[in-house]
Amino acid sequence: METETKKPAGSDGNDVWLTAAQQRAWRTHLEVSKLLTHQLERDLQPFGLTYNDYEILVNLSEAPDRRLRMSDLARATLQSKSRLSHQISRMETAGFVRRENCESDRRGLFAVLTDDGWETMRKVAPHHVAAVREHFIDLLADEDLTALERSLNPVAEHLREVRGRA
């Protein structure tokens, strides 16, 4: 037996429009994403870092030998190679990273976390984690965090798959 899905008002039977509940959920997600990113960016400003800078430092700090191929770092941070190259140039000037040639592939380059970049990461990370707790984690019950993760995993998996096809 097929179940009938309720059509949103005014859709003329067309499944294009969101229901009121779907619209509220979508807009809440957008607002929270923007507000949270903006706040975390503001919390990094006293350290002279942008959110993108911090994301690069995190990825490099967690990588073996604190280094990643530029193409892998671009993929991990969802940046174009040219945008990442510009970002890495700024971070090189600040002394956080350096580029190294790839021995096995003359065309490849590595982004490498410098000692200054590592020290900056160690100094900033506790403040960033505190901000994440204050503005997100501590506002939700443990069961809500579990439900949120469970709810968002299919979306993340779908988007990773779509991105892999591009």
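Let me begin with helix 1, residues 20-44, and helix 5, whose axes come within 10 Å of each other and cross at roughly 150 degrees. I should say at once that what we are looking at is a predicted model. Angles over 145 degrees count as roughly antiparallel, and helix 1 and helix 5 are therefore described as roughly antiparallel to each other. Their crossing is right-handed. On the helix 1 side the contact involves L36, Q39, L40, D43 and L44, and these meet V124, H128, A131, V132 and H135 of helix 5. If we sort the residues of this contact between helix 1 and helix 5 by character, we find six nonpolar, three polar and one charged.

Now let me turn to helix 2, which covers residues 51-62, twelve residues in total, and which reaches 17 Å from its first C-alpha to its last, close to the 16 Å expected at 1.5 Å a residue. Which residues of helix 2 are buried? They are D53, Y54, I56, L57, N59, L60 and S61.

How does helix 2 lie against helix 5, which runs over residues 115-135? The two axes come within 10 Å and cross at roughly 115 degrees, and since angles from 65 to 115 degrees count as roughly perpendicular, helix 2 and helix 5 are therefore placed in that class. The crossing of helix 2 and helix 5 is left-handed. From helix 2 the contact is made by Y51, Y54, L57, V58 and S61, while helix 5 brings G117, W118, T120, M121, V124, A125 and H128. In this contact of helix 2 with helix 5 there are eight nonpolar residues, four polar ones and no charged ones.

Let me finish with two residues of helix 5, beginning with T120, which has its place in that helix. Because buried means under 20% relative accessible area, T120, at 13% relative accessibility, counts as buried. Leaving aside neighbours within four places in sequence, T120 is in contact with L49, L57 and F96.

The second residue is V124, also found in helix 5, and at 1% relative accessibility V124 counts as buried. V124 appears in the contact with helix 1, and V124 appears again in the contact with helix 2. Not counting residues up to four places away in sequence, V124 touches L44, F47, L49 and Y54. Finally, V124 and P46 are 78 residues apart in sequence, and in space they are 9.7 Å apart, C-alpha to C-alpha.

Definitions and conventions:
Residues are numbered from 1 along each chain as its sequence is written. This is a predicted model: local features need pLDDT of at least 70, side-chain atom pairs count only at pLDDT 80 or more; totals for chains, interfaces and linings use all residues. Side-chain values use heavy atoms; hydrogens and water are left out. Helices (H or I, at least four residues) and strands (E, at least two) are DSSP runs, numbered from the N terminus. The expected span of a helix is 1.5 Å times one less than its number of residues. Buried means under 20% relative accessible area, exposed over 50%, partly exposed in between (1.4 Å probe, protein chains only). Axes are lines fitted to C-alpha atoms, for helices over the stretch in contact, and angles run from 0 to 180 degrees between N-to-C directions. Angles under 35 degrees count as roughly parallel, over 145 as roughly antiparallel, 65 to 115 as roughly perpendicular and the rest as oblique. A crossing is left-handed if the near helix is turned anticlockwise from the far one by less than a right angle, and right-handed if clockwise. Contact means heavy atoms within 4.5 Å. Ala, Val, Leu, Ile, Met, Phe, Trp, Tyr, Cys and Pro count as nonpolar, Asp, Glu, Lys and Arg as charged, and the others, Gly among them, as polar.
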